[in-house]
Amino acid sequence: MKGGNCLNRKTTSLTIEEKERFMLEAIKEAKKAEAIKEVPIGAIVVLDGQIIGRGSNFREESQDATAHAEMFAIKQACKAIDNWRLERAQLFVTLEPCPMCSGAMILSRVDEVFYGAKDPKGGTAGTLMNLLEDERFNHIAYVESGILEEECGSLLSNFFRKLRNEKKLLKNQQKD
């Protein structure tokens with residue numbers, strides 16, 4: 001979904017260059033996850049042009065279903081400003097948020113959400129549904145997709161291709 005239909009605002013004040021610069025920071029976080037064999041998803045929270053929260057996917061290592069990049073970035077951002085409300089903050093994430101993460105964004109009052117690749121199996125920021133812009137909730141966030149979409153999508157597709165190849169190789173070695 002390009003652009004949001006927020007109450008009182010139709011567009012973001014960020015330039016394309018700023019969006020791409022911040023998404024590159026989220027991609028750095030995704031690469032940290034990939035380096036420890038986690039699904040490469042990264043997120044950052046920005047307030048007044050400064051990164052106040054960072055997160056990488058950490059589910060396999062922690063064996064915690066809630067250990068998503070967005071959750072870590074939100075927690076770190078709240079701690080950084082000593083407030084659970086992230087009003088005026090932007091969240092950048094390499095993959096479209098899931099229901100849990102979208103819910104956390106609503107509850108923490110994130111103002112704008114930018115993501116790279118769509119998630120056809122779990123995305124709730126425009127693909128399967130759009131929780132972030134649903135007017136039935138007490139908070140609505142501006143949503144914009146496709147920020148460095150190719151780079152974000154390639155991280156994921158390359159990761160899963162490599163994983164499949166490793167499993168295939170292991171299976172073939174076990175046959176011998």
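User: Which residue's side chain meets that of Asp134 in a salt bridge, and how should I read such a pair?

Analyst: Side chains of opposite charge can pair when their charged atoms come close. In this structure, which is a predicted model, the side chains of Asp134 and Arg136 meet in a salt bridge, with 2.5 Å from N to O. The two partners sit in unlike surroundings, since Asp134 is buried with a relative accessible area of 14%, whereas Arg136 is exposed at 76%.

User: How many salt bridges does a search of the whole structure find, and which residues are joined into one network by bridges that share partners?

Analyst: The search finds seven salt bridges, and those that share partners join Glu25, Lys28, Glu29, Lys32 and Arg54 into one network. One of the pairs is that of Lys28 with Glu25, whose side chains meet at 3.0 Å, N to O. Both of these residues lie in helix α1, three residues apart, which is about one turn of the helix. As for their cover, Lys28 counts as partly exposed at 47% relative accessibility, while Glu25 is buried at 16%.

User: What is the partner of Lys19 in a salt bridge, and which parts of the chain does the pair tie together?

Analyst: Lys19 pairs with Glu144, and the closest N and O atoms of the two are 2.9 Å apart. Lys19 belongs to helix α1 and Glu144 to strand β5, which spans residues 142-144, so the bridge ties together parts that are 125 residues apart in sequence. With buried taken as under 20% relative accessible area, Lys19 falls in that class at 7%, and Glu144 does too at 6%.

User: Turning to charges on the surface, which residues gather in a patch of negative charge, and which element supplies the largest share?

Analyst: The patch of negative charge is made up of Glu17, Glu20, Glu149, Glu150 and Glu151. Helix α1, residues 16-35, and helix α5, residues 149-175, each supply at least two of its residues, and the largest share, three residues, comes from α5. Glu150 can serve as an example, being placed in helix α5 and exposed, with a relative accessible area of 66%.

User: How should I read the nonpolar interior, and which residues of the largest nonpolar core touch the most other members?

Analyst: In soluble globular proteins, nonpolar side chains tend to be buried together. Here the largest nonpolar core holds 48 residues, of which Met23, Val45, Leu86, Phe92, Met105 and Leu132 touch the most other members. The elements that give two or more residues to this core are the helices α1, α3 (69-81), α4 (99-107) and α5, together with the strands β1 (42-47), β3 (90-95), β4 (112-117) and β5. Among the contributors, α3 gives the most to the core, with six residues.

User: Where is Val110 placed, and is its side chain's residue buried or exposed?

Analyst: Val110 is found in the loop between α4 and β4, and Val110 is buried, with a relative accessible area of 1%. To relate sequence to space, one can set Val110 beside Leu91: the two are 19 residues apart in sequence, and their C-alpha atoms are 7.0 Å apart.

Methods: Residues are numbered from 1 along each chain as its sequence is written. This is a predicted model: local features need pLDDT of at least 70, side-chain atom pairs count only at pLDDT 80 or more; totals for chains, interfaces and linings use all residues. Side-chain values use heavy atoms; hydrogens and water are left out. Patches are made of residues with over 30% relative accessible area and no salt bridge: like charges are joined within 9 Å, nonpolar side chains (Val, Leu, Ile, Met, Phe, Trp, Tyr) within 5 Å. Accessible areas come from the Shrake-Rupley method with a 1.4 Å probe; for residues, only the protein chains shown count as cover. A salt bridge is a side-chain nitrogen of Lys or Arg within 4 Å of a carboxyl oxygen of Asp or Glu. Lys and Arg count as positive and Asp and Glu as negative; His and the chain ends are not counted. The place of a charge is taken as NZ of Lys, CZ of Arg, CG of Asp or CD of Glu. Helices (H or I, at least four residues) and strands (E, at least two) are DSSP runs, numbered from the N terminus. Buried means under 20% relative accessible area, exposed over 50%, partly exposed in between (1.4 Å probe, protein chains only). A nonpolar core is a set of buried Ala, Val, Leu, Ile, Met, Phe, Trp, Tyr and Cys residues joined through side-chain atoms within 4.5 Å.
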